[in-house]
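User: I am new to this structure and would like a close look at one part of it, with its surroundings explained step by step. Please start from a single residue and work outwards.

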Amino acid sequence: MTVLTLSLYDAVVPSNLQILRAVDRLLDKAEQHCREKGITAADLIDRRLAPDMLPFGYQVKSCAAHSIGGIEGVRAGLYSPDLSPWPTDFEGLHAILAATVAELEGIDKDTFDQLAESDTAFSFGETHMPFTGANFLLSFSQPNFYFHATTAYAILRAEGVPLGKRDFMGIPRFKR
């Protein structure tokens with residue numbers, strides 16, 4: 001019988017890196033679409049799926065907020081949503097993703113895995129929710145991360161950017 005051992009690091013960081021790199025490539029395709037269609041970057045970055053949803057730029061920024069931002073929240077013991085404005089140009093969105101990827105790549109696996117049982121709270125206004133580090137990352141931050149990555153993809157598809165499923169998935173982690 002084979003026993004599968006999956007660390008917290010293995011469950012979070014490699015997948016975040018895969019999708020963040022894919023979102024960065026989505027930005028490249030969005031830029032090309034803007035050039036071809038004569039759309040300003042700011043106009044596309046401000047697009048949304050529905051009037052009550054936040055725009056594309058927010059979705060990209062939130063991928064960073066729920067990957068490295070979630071991890072930083074666990075390290076600090078407290079996560080509160082990032083309410084700072086998002087960039088209104090592709091350069092700024094690329095920069096957020098590049099910085100996030102660099103920080104994730106620098107995480108030590110053993111140190112990260114020690115965060116699993118740490119007390120972590122989510123706090124926003126009157127809402128306060130207690131978690132362990134692992135439960136916060138896996139049941140709150142990770143679903144939010146995928147929601148925002150998927151929404152960014154969906155906004156671009158709705159705007160006519162030629163994308164497919166492989167664009168969302170990025171490069172899978174093959175056996176070496």
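Analyst:
**A glycine and the helices around it**

G92 is found in helix α5, and everything said here about its setting comes from a predicted model. With a relative accessibility of 18%, G92 falls under the 20% limit and therefore counts as buried. Although 35 residues separate G92 from G57 along the chain, their C-alpha atoms are 9.6 Å apart.

That second glycine leads to another helix, since G57 is one of the buried residues of α3. Helix α3 covers residues 56-65, and ten of its ten residues are buried, so the helix is largely enclosed by the rest of the structure. Besides G57, the buried residues of α3 are F56, Y58, Q59, V60, K61, S62, C63, A64 and A65. The cover over them includes α5 (90-105), the helix of the starting residue, together with α1, α2 (41-45), α4 (68-76), β1 and α7.

K61 is a charged residue that lies in helix α3, and because its relative accessibility is 4%, K61 too counts as buried. Leaving aside residues up to four places away in sequence, K61 touches D82, L83, S84, P85, W86 and I96.

Two of the covering helices, α1 and α5, also meet each other: their axes come within 10 Å and cross at roughly 165°, which means that α1 is roughly antiparallel to α5. The crossing of these two helices is left-handed. On the α1 side the contact is formed by V13, N16, L17, L20, R21, V23, D24, L27, D28, A30, E31 and C34, and these meet F90, L93, H94, L97, T100, V101, L104 and E105 of α5. Sorted by class, this contact has twelve nonpolar, three polar and five charged residues.

Helix α1, which spans residues 8-37, also packs against α7, residues 133-158, with axes that come within 11 Å and cross at roughly 15°; α1 and α7 are therefore roughly parallel to each other. Here as well, α1 passes its partner in a left-handed crossing. From α1 the contact draws on L8, A11, V12, S15, N16, I19, L20, V23, L26 and A30, while α7 supplies A134, L137, L138, Q142, F145, Y146, A149, Y153 and L156. By class, the contact of α1 with α7 holds 16 nonpolar and three polar residues, but no charged ones.

The remaining element to follow is β1, named above as part of the cover over α3. Strand β1 belongs to an open sheet of three strands in the order β1-β2-β3, with mixed pairing. The edge positions are taken by β1 (78-79) and β3 (127-132), each of which pairs on one side only. Between β1 and β2 the pairing is parallel, over two bridges, and Y79 has F122 in β2 as its bridge partner. Strand β2, residues 119-124, runs antiparallel to β3 and is joined to it by six bridges. F122 appears again in this second pairing, where its bridge partner in β3 is M129, and T120 stands opposite F131. The two strands β2 and β3 form a hairpin with two residues between them, and G125 in that turn has a positive phi of about 60°.

Conventions:
Residues are numbered from 1 along each chain as its sequence is written. This is a predicted model: local features need pLDDT of at least 70, side-chain atom pairs count only at pLDDT 80 or more; totals for chains, interfaces and linings use all residues. Side-chain values use heavy atoms; hydrogens and water are left out. Axes are lines fitted to C-alpha atoms, for helices over the stretch in contact, and angles run from 0 to 180 degrees between N-to-C directions. Helices (H or I, at least four residues) and strands (E, at least two) are DSSP runs, numbered from the N terminus. Angles under 35 degrees count as roughly parallel, over 145 as roughly antiparallel, 65 to 115 as roughly perpendicular and the rest as oblique. A crossing is left-handed if the near helix is turned anticlockwise from the far one by less than a right angle, and right-handed if clockwise. Contact means heavy atoms within 4.5 Å. Two strands pair if DSSP finds at least two bridges between them. Buried means under 20% relative accessible area, exposed over 50%, partly exposed in between (1.4 Å probe, protein chains only).
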